[in-house]
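Trainee: Please walk me through this structure feature by feature. I would like the general idea, then the case at hand.

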Amino acid sequence: MSTATTTDTQSPAPHAADSHDLIRVHGARENNLKDVSIEIPKRRLTVFTGVSGSGKSSLVFSTIAAESQRLINETYSAFVQGFMPTLARPEVDVLEGLTTAIIVDQQRMGSDPRSTVGTATDANAMLRILFSRLGKPHIGSPQAFSFNVASISGAGAVTTERSGRTVKERRSFSITGGMCPRCEGRGSVSDIDLTQLYDDSRSLAEGAFTIPGWKSDSFWTVRVYAESGFVDPNKPIRKYTKREMQDFLYKEPTKVKIEGVNLTYEGLIPKIQKSFLSKDREAMQPHIRAFVDRAVTFTTCPACDGTRLTEAARSSKIAGISIADACAMQISDLAEWVGGLSEPSVAPLLGALRHTLDSFVEIGLGYLSLDRPSGTLSGGEAQRTKMIRHLGSSLTDVTYVFDEPTIGLHPHDIQRMNNLLLRLRDKGNTVLVVEHKPETIVIADHVVDLGPGAGTAGGTVCFEGGVEGLRASGTVTGHHFDDRAALKATVREPSGKLEIRGAKANNLRDVDVDVPLGVLVAITGVAGSGKSSLVHGSIPASEGVVAVDQAPIRGSRRSNPATYTGLLEPIRKAFAKANGVKPALFSANSEGACPTCNGAGVVYTDLGMMAGVATTCEECEGKRYQASVLEYHLGGRDISEVLAMSVLEAEEFFGTEAARTPAAHAILSRLADVGLGYLSLGQPLTTLSGGERQRLKLATHMAEKGGVYVLDEPTTGLHLADVEQLLGLLDRLVDSGKSVIVIEHHQAVMAHADWIIDLGPGAGHDGGRVVFQGTPADLVAARSTLTGEHLAAYVGA
């Protein structure tokens, strides 16, 4: 007889593993965060909002993502960790529920001259394999198509030990690489303008060198040439014999003795190449960079015609296309070409390559080419390029962290980016996004709003919840969420025009356009339509043009707003004058520095493969100066107290009678004008957000005596509330007699402009034409372009 078994009809208790649905942050104090505690839902899209400098990046990148990466690094052996960046534990009490974090930030890709879009995304690697299998004639392995591999060969005797006896054998080897031997895979060759290095009518004794930093009494530069014996120091350079000129310009490194000191003499050209041209241009001081720009010209390599590849690599073709042709194609066209190839022997490779190229098109980068140097990509383009490898990933339950993914995107493209973010979430991932644009905030499942202000006035959570709750909240973000700039009732009349004729840079198609002067001009169009090519490539970089681009500010942890803007110089001089001592005493990088921490304010302890520890210097208590220096005062304050002031406090202080310093006051006024009044003068540059750095750069350039300002997306990193302040600043610049040209995607700036030049209609070879020029009101009325449609929707027309 069978017995029936009764089952409990009540649902079983939830599994313990299903209870970890939140990322819990408790007591976060990184940078300006004030003991922040929040819970973030997993497998949802969470957007972090707040004014620039409110602490969004400190919470998302410096706390959550940094701790996730640190914990993953700790799973490797101590040996492997020795080769990895050491990460300190963030200032936070509790972090629970973390998953693997993948950071997709706006950091520009490496500016190595051999790094291209193709090498950065593995598309080049797949193409090289494809050509090594199918290319006719067959020239070798995949490295025969690589511009990073040089062709080398050699032969010689090899000695080996076998069974207790020594055996000598003759061996030879050869490697077939694809690197062009003339330009070494760079695609361009440099030519040095000798007239910028020296004045040939003078002798070395008369100070012929015009190279920055080359002083006549320097052992290492001028004197090694003058006293080497290879040239006559008292003869004008133009009268050198052929032999003297050869030794002066090209001589191989040779040991010489000057005043009993052994030195190395080297020809001027190789010395300049090593001391200037081997360094990253962006890391150079401004006057050195200006010298390099004058002295060095880069021309397309005549041997490879800029393709970077050998003649053999270019001779092997598939269906009439060489690898150089494929890399030069617009990616959308290359995807179509690869889609037409059918070869069963490489079917998996073709499938993977098609997927990668289709991802470029899907993400809105189909207008790029694989041979585009990665250093020329904008921050937004670099971020989207990094996204490509994640789109087809099979990983789930991963935390993706994005830093303003809509930067550099036309309103038309933002919807496409939103769909990608939602796709990543729907695969079961946690997506954390730092964002200012309402179009992206509105798709969030959860919103965390930080503030209420910036810097020390921020660092707290003002709102947590859904988008509708944010709209109804009284926070700065909620208050400005539905702000819309209105079209101007009247626009300014231009005072002149800047003529551009036959512009052909990059994808521009023989463009003729007049840019009005004395007004606010917005250059618009979808990403890749040719805006930057028109402005940066066609407007002459004359004395009257001041360009403020998005290149990152390079600075060490010793750099701060006071040193970057040149503000410290007049402050040091004012302190020196008031106290009758040397200005160098008031520099934390010079004589006044605390001897214990060398003016850093903190002492760094290296713990090997573990994260180093930074502790406040006990000698100076973090003030960076010797105690004797702090006894000198200006207006009742010592130098450390001045550097601890905010910009607004310092502006008031240096305007008072006791500490009046007009030069310092003028720089501080410019910093306040661009909305950086809350920054402290001594705050390290490494702690500033992207938006703060760009505005700091703008404030510095405002001092230049230019008549035309060219700004590249100045709304980058700006909160909705800050955009209004930026518009006021642009108006003040124009009203003071300047001409302002802005490359911009933000509709508020378009609506506020006096004149719009819209490029398009598409990107890449589908763009490069002026599709509209006129007032914003005319653009809205016509609605003839994508920009016109989105601007009309924005202003509610």
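**Reading the features**

Mentor: D426 and R425 pair their side chains in a salt bridge, 2.9 Å from N to O. The term covers a side-chain nitrogen of Lys or Arg within 4 Å of a carboxyl oxygen of Asp or Glu. One caution before we go on. This is a predicted model, in which local features need pLDDT of at least 70, side-chain atom pairs count only at pLDDT 80 or more, and totals for chains, interfaces and linings use all residues. Residues are numbered from 1 along each chain as its sequence is written, and side-chain values use heavy atoms, with hydrogens and water left out.

Trainee: Is D426 buried or exposed, and what about R425?

Mentor: Start with the cut-offs: buried is under 20% relative accessible area, exposed is over 50%, and partly exposed is in between (1.4 Å probe, protein chains only). D426 is exposed, at 57%. R425 is buried, at 18%.

Trainee: Which residues do salt bridges with shared partners join into one network?

Mentor: That network consists of K488, R492, D731, D735 and D754.

Trainee: How many salt bridges does the rule give?

Mentor: The count is 34. One of them ties R43 to D21, with the closest N and O atoms 2.4 Å apart. This pair links distant parts of the chain, 22 residues apart. R43 sits in the loop between β2 (36-41) and β3 (45-49), and D21 in the segment before β1 (22-28). Element names follow DSSP runs, numbered from the N terminus: helices are H or I with at least four residues, strands are E with at least two. R43 is partly exposed at 28% relative accessible area, and D21 is partly exposed at 36%.

Trainee: What is the N to O distance between R372 and E381?

Mentor: It is 3.7 Å, and the two side chains form a salt bridge. R372 is partly exposed, with 26% relative accessible area. E381 is buried, with 9%.

Trainee: Let us turn to open and closed spaces. How do I read a pocket or a cavity?

Mentor: Both are found on a 1 Å grid over the protein atoms alone. A cavity is a set of points where a 1.4 Å probe fits but cannot get out. A pocket is an open set with protein on both sides within 12 Å along at least five of seven lines. Lining residues have an atom within 4 Å of a point. Points are joined across faces, edges and corners, and volume is the space filled by probe spheres set on them. Here, the second largest pocket holds about 450 Å³. It has 24 lining residues, and the closest to its centre are P438, D483, R484, L720 and Y794. Elements giving two or more residues to this lining are α14 (411-426), α15 (438-441), α25 (720-735), α26 (747-752) and α28 (786-795).

Trainee: How many residues of that lining are nonpolar, polar and charged?

Mentor: First the classes: Ala, Val, Leu, Ile, Met, Phe, Trp, Tyr, Cys and Pro are nonpolar, Asp, Glu, Lys and Arg are charged, and the others, Gly among them, are polar. The lining of the second largest pocket has twelve nonpolar, five polar and seven charged residues.

Trainee: How many cavities of 30 Å³ or more are there?

Mentor: Four. The largest cavity has a volume of about 150 Å³. Its lining has 19 residues, with E404, K437, T715, T716 and H746 closest to the centre. By class, the lining of this cavity divides into five nonpolar, nine polar and five charged.

Trainee: Next, the backbone. What should I look for?

Mentor: Most residues other than glycine have a negative phi, and most peptide bonds are trans. Now the cases here. K136 to P137 is a cis peptide bond, with omega near -5 degrees. P137 lies in the loop between α4 (123-134) and β6 (152-162). G451 and P452 are also joined by a cis bond, with omega about 0 degrees. P452 belongs to the loop between β16 (446-451) and β17 (460-465).

Trainee: What is phi at D510 and at R624?

Mentor: D510 has a positive phi, near 50 degrees. D510 is in the loop between β18 (496-503) and β19 (511-517), and it is partly exposed at 45% relative accessibility. R624 has a positive phi of about 80 degrees. R624 lies in the loop between β23 (610-616) and α21 (639-643), and it is buried at 14%.
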